[in-house]
Amino acid sequence: CQYATIECEYHNCFHSFCDKSIGCDWSRIICDDDDDCTDDHCNEDTGLCESQVIDCDDYDPKTIDLCSNGDCHHVIKECDDDYLCTVNYLRDDGECAYDPVDCDDDNLCTDDVCNELTGDCVYTDVSCDDYEPCTTDTCCPFKGCKHAERNCDDGNMCTVDDCVEGIGCSNTYIDCDDDDA
């Protein structure tokens, strides 16, 4: 007896072998790069294994898309500039925004600022002093500083009451002498 070796036809992406009982047989080449986040397959044209990263893009600009153990995860982006005097938020376009903390108390008689160490709003009284002694300086929360003319009336009918700019009230006695002895 003479035996001839049978050559089994080659097909891309298949292992060919000869089985004693059935003859030529083929089994699909299994491509696996041991990464659960890739799609592994045999290229029918080249017969080579190829791997493509699984596309986890959810097309939401507010998320970070990633693959772990073969599953897609979509994590909301975090926005934090580590500055206590800003309000941090994520815009619809996926970009972070940092707006200053609004400390406005709607009171024109206070200076309103954010304390950079605590993030708390601090309100200090404004000075309405115009350094003019002939005005009375006050503050109205809705209108701000007012500088009214100072009333220098000393209640004495025998004085001329006046305010001298830069000096203040002057109450000069009226000379009632008619020089008639």
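Thr-86 sits in strand S7, which covers residues 86-90; strands here are DSSP runs of E with at least two residues, helices are runs of H or I with at least four, and both are numbered from the N terminus. With a relative accessibility of 16%, Thr-86 is buried. The cut-offs behind that word are simple: buried is under 20% relative accessible area, exposed is over 50%, and partly exposed is in between, with a 1.4 Å probe and protein chains only. The areas themselves come from the Shrake-Rupley method with a 1.4 Å probe, and for residues only the protein chains shown count as cover. The Thr-86 side chain also has a partner, making a polar contact of 2.9 Å with the side chain of Asp-81. A polar contact is a pair of N or O atoms within 3.5 Å; within protein, one must be able to donate a hydrogen and the other to accept it, and residues adjacent in sequence count only if both atoms are side-chain atoms.

A word on the model and its bookkeeping. The model is predicted, with pLDDT of at least 70 needed for local features and 80 or more for side-chain atom pairs, while totals for chains, interfaces and linings use all residues. Residues are numbered from 1 along each chain as its sequence is written, and side-chain values use heavy atoms, with hydrogens and water left out.

Another buried residue is Asn-43, at a relative accessible area of 18%. Asn-43 belongs to the loop between S3 and S4, and a polar atom of its side chain lies 2.8 Å from the backbone nitrogen of Asp-45.

Next come the charged pairs. Side chains of opposite charge can pair when their charged atoms come close. The criterion for a salt bridge is a side-chain nitrogen of Lys or Arg within 4 Å of a carboxyl oxygen of Asp or Glu, and searching the whole structure turns up 3 salt bridges. One of them joins Arg-28 and Glu-44, at 3.4 Å from N to O. Since Arg-28 is in strand S2 (residues 23-28) and Glu-44 is in the loop between strand S3 (38-42) and strand S4 (49-53), the pair ties together parts that are 16 residues apart in sequence. Both ends are partly exposed, Arg-28 with a relative accessible area of 48% and Glu-44 at 43% relative accessibility.

Lys-62 and Asp-92 form another salt bridge, 3.0 Å from N to O. This pair links distant parts of the chain, 30 residues apart: Lys-62 is in the loop between S4 and strand S5 (63-68), and Asp-92 in the loop between S7 and S8. Lys-62 is partly exposed at 25%, whereas Asp-92 is exposed at 63%. Asp-93 is bridged to Arg-91, with the closest N and O atoms 2.8 Å apart. Asp-93 is partly exposed at 42%, and so is Arg-91 at 37%.

Charge also shows up on the surface without such pairing. Asp-32, Asp-33, Asp-34, Asp-35, Asp-36 and Asp-71 gather in a patch of negative charge. Patches are built from residues with over 30% relative accessible area and no salt bridge, joining like charges within 9 Å and nonpolar side chains (Val, Leu, Ile, Met, Phe, Trp, Tyr) within 5 Å. Lys and Arg count as positive and Asp and Glu as negative, with His and the chain ends not counted; each charge is placed at NZ of Lys, CZ of Arg, CG of Asp or CD of Glu. Within the patch, Asp-71 is in strand S6 (residues 71-76) and is partly exposed at 46%. Asp-34, by contrast, is in the loop between S2 and S3 and is exposed at 71%.

Asp-34 has a backbone quirk too, with phi near 60 degrees. Most residues other than glycine have a negative phi, and most peptide bonds are trans. Tyr-59 likewise has a positive phi, near 60 degrees; Tyr-59 lies in the loop between S4 and S5 and is exposed at 65%.

A nonpolar surface patch of about 230 Å² is made by Ile-64, Leu-66 and Val-75. Of these, Leu-66 is in strand S5 and partly exposed at 36%.

Two C-alpha separations round things off. Cys-96, in strand S8 (residues 96-100), is 48 Å from Cys-13, with their positions 83 residues apart in sequence. Leu-117, in the loop between strand S9 (110-114) and strand S10 (121-125), is exposed at 76%; its C-alpha is 39 Å from that of Pro-133, 16 residues apart along the chain.
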